[in-house]
Amino acid sequence: MLSRRSALSLLAGGTAVLTLGAPAAHAHPSRPRPFGRYGSPARRLDPLTLYVDPHGRGDHPDVQSAVDAATGTGHTLVLAPGTYRGAVTVAAARTGLTLIGASGDPRDTVIVHNRAAGTPRPDGSGTYGTSGSASVTVQAAGFTAHDLTFANDWLRSDNPEYTGTQAVAIKVQGDRSAFYGCRFLGHQDTLYADSPALTVFARQYYRDCYVEGDVDFVFGRATAVYDRCHFRALTRSGPVSAPYGFVFAPSTAGANPHGYLVLRSCVTSTAPDGYYKLARPWVPSSDLTARPMLTVRDSRLGAGIDAVTPYATMSSGFPWQEQRFAEYRNTGPGARVTVPAERPQLSASEARSHTPGAYLGDWRPYA
């Protein structure tokens with residue numbers, strides 16, 4: 001089986017088969033319409049649309065230079081199929097930025113980098129840390145992405161001496177950030193759904209997205225709604241017994257009434273049955289007043305989830321039972337309630353306050 005890095009390197013050639021099972025589209029430099037229905041530099045949709053293509057047919061050959069050129073607000077970047085390697089930062093001033101994968105298939109257009117929390121900085125000032133490991137960092141409000149893959153292909157097996165093995169595919173901090181039909185690939189800490197400060201309650205929305213990883217691979221303090229998403233827990237070669245990891249690790253601020261909401265989604269796994277926990281609360285040292293919140297409702301939980309004890313405690317003194325974890329009307333072998341005390345359930349009346357509208361307020365990205 002191909003490693004993720006090998007598969008990503010083949011994406012633009014049409015021979016790779018990734019987790020979702022279908023080959024990527026052919027992205028040869030001679031492709032006549034690399035930007036599909038979104039125009040081209042010669043037939044620009046509007047002055048705020050910029051085109052990115054690694055083969056030189058756009059305004060920019062890489063994503064970061066296009067982001068840097070998108071000064072002001074409301075720009076759209078159309079990305080031709082290909083693999084874009086290199087870290088990308090969307091600074092706070094780039095408000096209202098939209099990124100679109102031109103083919104409409106997220107497997108065709110990949111933004112990827114390769115570093116971990118323990119990777120040494122080139123200037124000798126230490127290591128990157130978890131946040132610094134991110135392939136993409138979104139600080140701006142109003143960010144939207146369609147049909148793209150965000151990946152970090154750093155592998156533990158290549159660096160067994162590292163203790164900092166977190167390797168973030170994307171860190172999202174901006175309020176009103178939305179992702180449609182996107183994929184997020186990594187191992188530990190894949191999708192960092194966060195906010196710019198402890199006192200800021202950033203709202204995020206993910207629809208029809210795919211996320212894979214092994215340890216805490218969806219984590220952070222954002223108010224985030226995951227609607228019709230697929231979470232895939234991966235097999236690990238290191239641990240000899242369960243658990244291999246945890247799907248969610250929210251760190252919701254205690255003052256925030258809304259944390260993570262997962263609905264109409266599914267959790268599957270390549271690991272043996274029962275080898276994954278659904279979640280554990282992250283109470284970071286920077287915010288010991290955090291009360292992590294996760295609601296999973298109307299979703300299918302596969303056999304990879306430990307149905308007897310699906311939650312675990314991350315830090316002594318902050319047991320998961322004292323956090324805000326709940327479920328409602330879930331199905332599948334990983335959702336069986338065998339010990340009620342281990343699986344807090346919402347009542348029908350309580351569930352009415354756990355909806356996209358309740359979590360996202362006057363912002364309606366799902367309409």
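A residue is called buried here when its relative accessible area is under 20%, exposed when that area is over 50%, and partly exposed in between. With these cut-offs in hand, the cysteines of this predicted model make a convenient starting point. Cys209 has a relative accessibility of 2% and therefore counts as buried. Cys266, at 24%, falls in the partly exposed class.

What, then, of disulfides? A disulfide is a covalent bond between the sulfur atoms of two cysteines. A search through the whole structure turns up zero of them, the criterion being a pair of cysteine sulfur atoms within 2.5 Å. For Cys209, the closest cysteine sulfur belongs to Cys229 and lies 4.7 Å away, which is too far for a bond. Cys229 also holds the closest cysteine sulfur to Cys266, but here the separation is 9.1 Å, so this pair is likewise too far for a bond.

Turning to the fold as a whole, the protein contains five helices and 25 strands. Its radius of gyration is 20 Å, close to the 21 Å that the globule rule gives for 367 residues, so the protein is as compact as a globular protein of that length. Measured out along the principal axes, the C-alpha atoms fill a box of roughly 60 × 45 × 45 Å. Of the 367 residues, 55% are buried. Among contacts between residues at least 6 apart in sequence, 70% join residues at least 24 apart. The area that the protein exposes comes to about 14300 Å², and carbon and sulfur atoms supply 53% of this area.

The interior can be described through its nonpolar cores. The largest nonpolar core has 64 residues, and the members that touch the most others are Phe179, Tyr206, Tyr226 and Phe231. Setting aside residues up to four places away in sequence, Tyr226 touches Leu191, Ala193, Tyr206, Val218, Phe231, Tyr260, Leu261, Val262, Leu263 and Ser265. Apart from the largest core lies another, made of ten residues that include Ala178, Tyr205, Leu263 and Tyr359.

A charged side chain gives a closing example of burial at a loop position. Arg107 sits in the loop that links strand E5 (98–101) with strand E6 (109–113). Its relative accessible area is 15%, so Arg107 is buried. The side chain of Arg107 also makes a polar contact with the side chain of Asp105, at 2.9 Å.

Notes:
Residues numbered from 1 in each chain as written. Predicted model: local features only at pLDDT ≥ 70, side-chain atom pairs only at ≥ 80, totals over all residues. Heavy atoms only, no water. Core = buried A, V, L, I, M, F, W, Y, C linked by side-chain atoms within 4.5 Å. Buried < 20%, exposed > 50% of the residue type's maximum accessible area, 1.4 Å probe, protein only. Contact = heavy atoms within 4.5 Å. Helix = DSSP H or I, 4+ residues; strand = E, 2+ residues; numbered from the N terminus. Polar contact = N/O pair within 3.5 Å; in protein donor to acceptor, adjacent residues only side chain to side chain. Rg over C-alpha atoms; globule rule 2.2 N^0.38 Å. Areas by Shrake-Rupley, 256 points an atom, 1.4 Å probe, with all protein chains shown as cover.
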